[in-house]
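The following explanation leads the reader through one protein structure, beginning with a single packing arrangement and then turning to the whole.

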Amino acid sequence: MTTLSRNDSHRITLGLAAVVAIWGAAVIAGARTGFFAGLYMPMIAVIVAATIAIPTLIYFCSPRLKAYADGIGHGPILLFHTWRIPAALAFFWYGLQGELPTAFWALAGTGDLIAGSYAAYLMLQPERSRNHLSFHMFGFADFVVAVGTGLTFTLLQDPRMALIAALPMALIPLWGVGISGVTHLVAFDMLRRGVGRSPAMSRSTVLPA
């Protein structure tokens with residue numbers, strides 16, 4: 001089992017923060033310059049899938065990243081997912097102005113609002129494996145539905161989907177969804193291995209090791 005010193009954890013924290021910041025800056029630059037708008041729109045879904053798959057593969061291949069995630073635990077992951085509440089409000093804002101397809105913003109916005117609110121609620125509750133598992137199952141399913149619905153309207157050439165390639169909406173699929181998708185999969189792995197939990201939570205096991 002890999003263990004990390006405090007200095008190792010600090011360095012990984014700084015490294016991950018830098019990657020996330022550079023990633024966000026790249027999305028902002030790509031949206032402002034019209035790079036994403038100039039792409040064949042289904043490529044947005046491909047990029048989203050890649051931003052989940054590649055970091056997740058790196059995580060599973062790195063004992064140090066696994067040890068780092070184990071040390072952080074589930075609480076900070078829940079805290080991060082509260083970003084989905086303002087994301088939901090953005091979907092509602094633009095959707096109610098007719099700037100997004102109705103089915104897309106209604107499903108994506110409602111799903112994000114529930115997921116973000118559920119994450120905030122669980123932060124105030126005693127840790128239970130089943131609660132974390134239910135949250136991550138719903139949260140990941142919400143992403144699948146939102147991306148699938150968005151891709152459907154893109155393939156139907158709905159012009160309103162162009163908003164996804166512009167700021168500030170571009171930050172949701174091209175930055176927030178990738179990071180959140182990775183944390184869902186990391187949390188599933190932590191639950192499977194029975195790590196990252198408080199002593200009270202660790203007495204119950206949901207997923208086989």
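In this predicted model, the buried residues of helix α1 pack against three other helices, namely α2 (42-61), α3 (63-72) and α8 (171-193). The residues of α1 that are buried, with under 20% relative accessible area, are Asp8, Ile12, Trp23, Gly24, Val27, Gly30 and Ala31.

Helix α1 itself runs over residues 6-32, a total of 27 residues. From its first C-alpha to its last it reaches 39 Å, close to the 39 Å expected at 1.5 Å a residue. Just after α1, Gly34 adopts a positive phi of about 85°.

The view may now be widened to the whole protein. Its secondary structure consists of nine helices and zero strands, and the pattern read along the sequence is accordingly α-α-α-α-α-α-α-α-α. Among contacts between residues at least 6 apart in sequence, 80% join residues at least 24 apart.

The overall dimensions can be considered next. Along the principal axes, the C-alpha trace spans about 50 × 30 × 25 Å. The radius of gyration is 18 Å, which agrees with the value near 17 Å for a compact globule, because the protein has 209 residues.

Of these 209 residues, 43% are buried. The accessible surface of the protein amounts to about 10,800 Å², and carbon and sulfur atoms account for 71% of that surface. As for charge, the protein carries 13 positive and 8 negative charges, and the mean positions of the two sets lie 10 Å apart.

Key:
Residues numbered from 1 in each chain as written. Predicted model: local features only at pLDDT ≥ 70, side-chain atom pairs only at ≥ 80, totals over all residues. Heavy atoms only, no water. Helix = DSSP H or I, 4+ residues; strand = E, 2+ residues; numbered from the N terminus. Rg over C-alpha atoms; globule rule 2.2 N^0.38 Å. Buried < 20%, exposed > 50% of the residue type's maximum accessible area, 1.4 Å probe, protein only. Contact = heavy atoms within 4.5 Å. Areas by Shrake-Rupley, 256 points an atom, 1.4 Å probe, with all protein chains shown as cover. Lys, Arg positive; Asp, Glu negative; His and termini not counted. Charge placed at Lys NZ, Arg CZ, Asp CG, Glu CD. Expected span 1.5 Å × (residues − 1).
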